Amino acid sequence: CKQFEHLGPKSYGIIMASFTAGILAGMLLTSLTNFEPSRRFQILYPASLTFALALVLIPVYLSLPVMVSLIFISGFCSAVVNVFINSTIQIVIPQEMRGRVFSLLATMTGSLIPLAYATGGILAEFIPLRPLISASSIIMGLSFVPVGFMPKVKAFVNFDSEKDKLESIR
């Protein structure tokens with residue numbers, strides 16, 4: 001891609017390693033910290049928005065250290081969001097249904113990825129890559145905004161199996 005030629009394969013490797021390091025740091029933090037269930041949404045929602053914002057800014061700043069920092073932040077926030085969502089799903093789904101639910105989620109995610117790649121490839125033929133990446137990240141971030149105003153989602157994420165009843169989130 002001509003827009004990112006100055007980075008080269010070595011820089012791309014560093015950037016991708018930074019994303020992985022961010023994910024590992026986020027997973028480590030969430031595994032070592034005991035978050036109050038009632039505060040999970042207060043962490044998840046800003047992490048979702050920060051994840052999207054970091055992705056919006058990556059194509060804007062073509063400085064390797066800035067891109068590495070932004071992708072690390074993105075990976076970190078992605079891990080926090082995924083850990084909170086997956087752990088909440090584990091808590092609220094009955095054990096005999098968990099395998100089916102997680103299989104369905106993995107299947108849906110796995111089948112959407114090739115569609116996203118194909119759509120991105122087609123759009124990249126007509127739209128310059130940097131604005132395309134930023135625009136798609138803005139759309140993703142905007143899709144998170146309404147979640148902050150959905151009491152059912154907040155109740156779901158903040159579900160405390162020791163205090164709450166499943167009926168409170170249905």
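Modeller: A helix here is a DSSP run of type H or I with at least four residues, and helices are numbered from the N terminus. The model is predicted. N82 has its place in helix α3.

Colleague: What does the secondary structure of the protein chain come to?

Modeller: Six helices and zero strands. Along the sequence the pattern reads α-α-α-α-α-α. The C-alpha atoms fill a box of roughly 55 × 30 × 30 Å along the principal axes.

Colleague: Why is N82 called partly exposed?

Modeller: Its relative accessible area is 37%. Partly exposed lies between the limits of 20% and 50%, so N82 belongs in that class. The C-alpha atom of N82 is 8.9 Å from that of L44, although 38 residues separate the two along the chain.

Colleague: And T88, is that residue buried or exposed?

Modeller: T88 is in helix α3, which spans residues 64-92. Its relative accessible area is 1%. Buried means under 20%, therefore T88 is buried. Apart from residues up to four places away in sequence, T88 touches R40, F156 and V157.

Colleague: Where is R40 found?

Modeller: In helix α2, residues 40-57. R40 is buried. Its contacts, again without residues up to four places away, are F35, F84, T88, I91, V157, N158, F159 and D160.

Colleague: How do you know that R40 has no salt bridge, with D160 among its contacts?

Modeller: D160 is the nearest side chain of opposite charge, and it is 6.5 Å away. A salt bridge needs a side-chain nitrogen of Lys or Arg within 4 Å of a carboxyl oxygen, so the pair R40 and D160 does not qualify. Contact is another test: it takes heavy atoms within 4.5 Å, and by that test R40 touches D160.

Colleague: Why does L132 count as buried?

Modeller: L132 has 11% relative accessibility. The limit for buried is under 20%, so L132 meets it. L132 is placed in helix α5. Leaving aside neighbours within four places, it is in contact with G120, L123, A124 and I127.

Colleague: How far apart are the C-alpha atoms of L132 and P59?

Modeller: They are separated by 9.2 Å, with the two positions 73 residues apart along the chain.

Colleague: What makes V145 eligible for a nonpolar surface patch?

Modeller: V145 is partly exposed, at 33% relative accessible area. Patch residues need over 30% and no salt bridge, and Val is among the nonpolar side chains that count; V145 therefore passes on area and on type. The patch is made by L49, I138, L142, V145 and F149, and covers about 470 Å². V145 itself is in the loop between α5 (129-144) and α6 (151-157).

Colleague: What share of the protein chain is buried?

Modeller: Buried residues make up 28% of the 170 residues. The accessible surface comes to about 10700 Å², and 70% of that belongs to carbon and sulfur atoms.

Colleague: Which share of the contacts with a separation of 6 or more joins residues 24 or more positions apart?

Modeller: These account for 75%.

Colleague: How many positive and negative charges are there, and how far apart are their mean positions?

Modeller: There are 12 positive and 8 negative charges, with mean positions 3 Å apart.

How values were computed:
Residues numbered from 1 in each chain as written. Predicted model: local features only at pLDDT ≥ 70, side-chain atom pairs only at ≥ 80, totals over all residues. Heavy atoms only, no water. Helix = DSSP H or I, 4+ residues; strand = E, 2+ residues; numbered from the N terminus. Buried < 20%, exposed > 50% of the residue type's maximum accessible area, 1.4 Å probe, protein only. Lys, Arg positive; Asp, Glu negative; His and termini not counted. Areas by Shrake-Rupley, 256 points an atom, 1.4 Å probe, with all protein chains shown as cover. Charge placed at Lys NZ, Arg CZ, Asp CG, Glu CD. Patch = residues over 30% accessible without salt bridge, like charges linked within 9 Å, V, L, I, M, F, W, Y side chains within 5 Å.
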